[in-house]
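This report introduces a molecular structure to a reader who has not met it before. It considers a helix pair and then the spaces enclosed by the protein.

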Amino acid sequence: MKAFRLMLALGIICILISCSADNNKPNTQSGETEFKKITASDTSSQSISNQAKEKLKKREGITSIYAVNTDKKLVIAFEIKHHKRFQLASTRKDVHKQMEKAFPDYEAEVSTDKRIVLDLKELEKKVDKGKLSKKQLKKEMKQLVQLMKDKT
Amino acid sequence: MIFFWAFVVGGLFCVIGQIMFDVFKLNPGIALTIFVITGAVLDGLGLYDPLIDFAGAGATVPITNFGNQLVHGAMQEAEQHGIIGVVTGIFEVTSAGISAAIIFGVIGAFLFKPKG
Amino acid sequence: MANKKKKNLPPAAQRYQEFQKHREIKRPLLKNCVKAFFVGGFICFIGQVISTMYIYFFNFTEQTAGNPTVATLIFITMFLTGFGVYDHIGQFAGAGSTIPVTGFGNSVISAAIEHRSEGLILGVGGNMFKLAGPVIVYGVFSAFVIALIKTILTQWGGL
């Protein structure tokens, strides 16, 4: 009976491990940083966020970058390779410093949170389609920054 | 990937607990207390947050996280209000675990009858 | 301390203790550890699934998802405890079910259910934290000491 349970547990584990490995394959296999430049320019220029992406791309171990900017703010979210997540906090700080130095006119916000990554990805798509007015973009950015600062 | 590491790290915490039970013959209450204090100390040294970044729920579900959050709440308040914040801020972040335990404990007492 | 206690005992009791030590069932450490690893890991895995769900489907960030995850786990524990399932898991897994917050939840909830017959105020209210009390007391106190030291170091020590 006990042996059976142990086997059951082991079986579940095997399934879990194989599943999680599968899910991650596309991310690690490519080995390159996943990002794309925003081309739409009718509402507000995204050239700053494109520059930021280029800069971040040179960093080692970053798997995906998303960035959006208004004329005052620059919000960046990125993901790094899993075994580097121990240094996540210091990497984030480092990137933040680098961005503030590179774009002193902009208020830079950097996040590595999964939720922010998802939201920023959506926002990028919207901006790319050119559907967002300047005001809407500002509002969305404000919400994002607020979400980032939320602690408890 | 984070699911896998949550599993491994969480499992390792439990193995340490099992060793405490079996090798050092500690009773669960004492072992849990040691775990919570360890969590608080680890956060004091700044080691617990990187572990959470790495293992997700593998670090937030074990009881060590309780100590970590207690210190976090105290430090958060201390940054704003100075030394008094250490006393007033302790439950700032932790409330979820304790309040959930109390609420569901009372509900459970209404719903279920004791066995044996 | 233990030796002192032993010497104070009458010889018959001393002999009994030797005998008891000899006959004590040796706990299978490795097997227990493996069980604890898999069950504890599995609970943390479920926690990760729940918190990922909160992140993807609700407006929670990685930081804020921790609290609802813990609450959800304790909610599930309430049912497992009430139907007597958690006891079985505990017997099988040892520390694997004690170390995660579900173990903390189980100790509170089972005490509440058990002492229901002694009345709601003194029974449930008074005994709820009988097992979990030390955890909270020493957790809070050690957190206080550590936060105090850290605050003093950062604010006045200039670290």
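## A helix pair between chains B and C

In this predicted model, helix H1 (residues 2-22) of chain B and helix H3 (residues 29-57) of chain C have axes that come within 6 Å and cross at roughly 140°. H1(B) is therefore oblique to H3(C), since angles over 145 degrees would be needed for the pair to count as roughly antiparallel.

The crossing of H1(B) past H3(C) is right-handed. The contact between H1(B) and H3(C) has 18 nonpolar, 8 polar and 1 charged residues.

## The second largest pocket

The second largest pocket has a volume of about 710 Å³. It is lined by 27 residues, of which C:Asp87, C:Asn106, C:Ser107, C:Ser110 and C:Leu131 are the closest to its centre.

Two or more lining residues come from each of helix H2 (28-44) of chain B and, in chain C, helix H4 (66-82), helix H5 (85-93), helix H6 (95-98) and helix H7 (101-114). H7(C) gives the largest share, 6 residues. By class, the lining of this pocket has 9 nonpolar, 14 polar and 4 charged residues.

## The largest cavity

There are 3 cavities of 30 Å³ or more in the structure, and the largest cavity has a volume of about 80 Å³. Its lining includes B:Phe66, B:Gln69, C:Val70 and C:Phe104.

Helix H5 (64-81) of chain B, along with H4 and H7 of chain C, each give two or more residues to the lining of the largest cavity. The largest share, 3 residues, is that of H5(B). The lining of the largest cavity comprises 5 nonpolar and 6 polar residues, with no charged ones.

Notes:
Residues numbered from 1 in each chain as written. Chains lettered and ligands numbered in written order. Predicted model: local features only at pLDDT ≥ 70, side-chain atom pairs only at ≥ 80, totals over all residues. Heavy atoms only, no water. 1 Å grid on protein atoms, 1.4 Å probe; cavity = no way out; pocket = protein on both sides within 12 Å on 5 of 7 lines; lining within 4 Å. Points joined across faces, edges and corners; volume = space filled by probe spheres on them. Helix = DSSP H or I, 4+ residues; strand = E, 2+ residues; numbered from the N terminus. Nonpolar A, V, L, I, M, F, W, Y, C, P; charged D, E, K, R; others polar. Axes fitted to C-alpha atoms, helices over the stretch in contact; angles between N-to-C directions. Parallel < 35°, antiparallel > 145°, perpendicular 65-115°, else oblique. Left-handed = near helix turned anticlockwise from the far one by under 90°.
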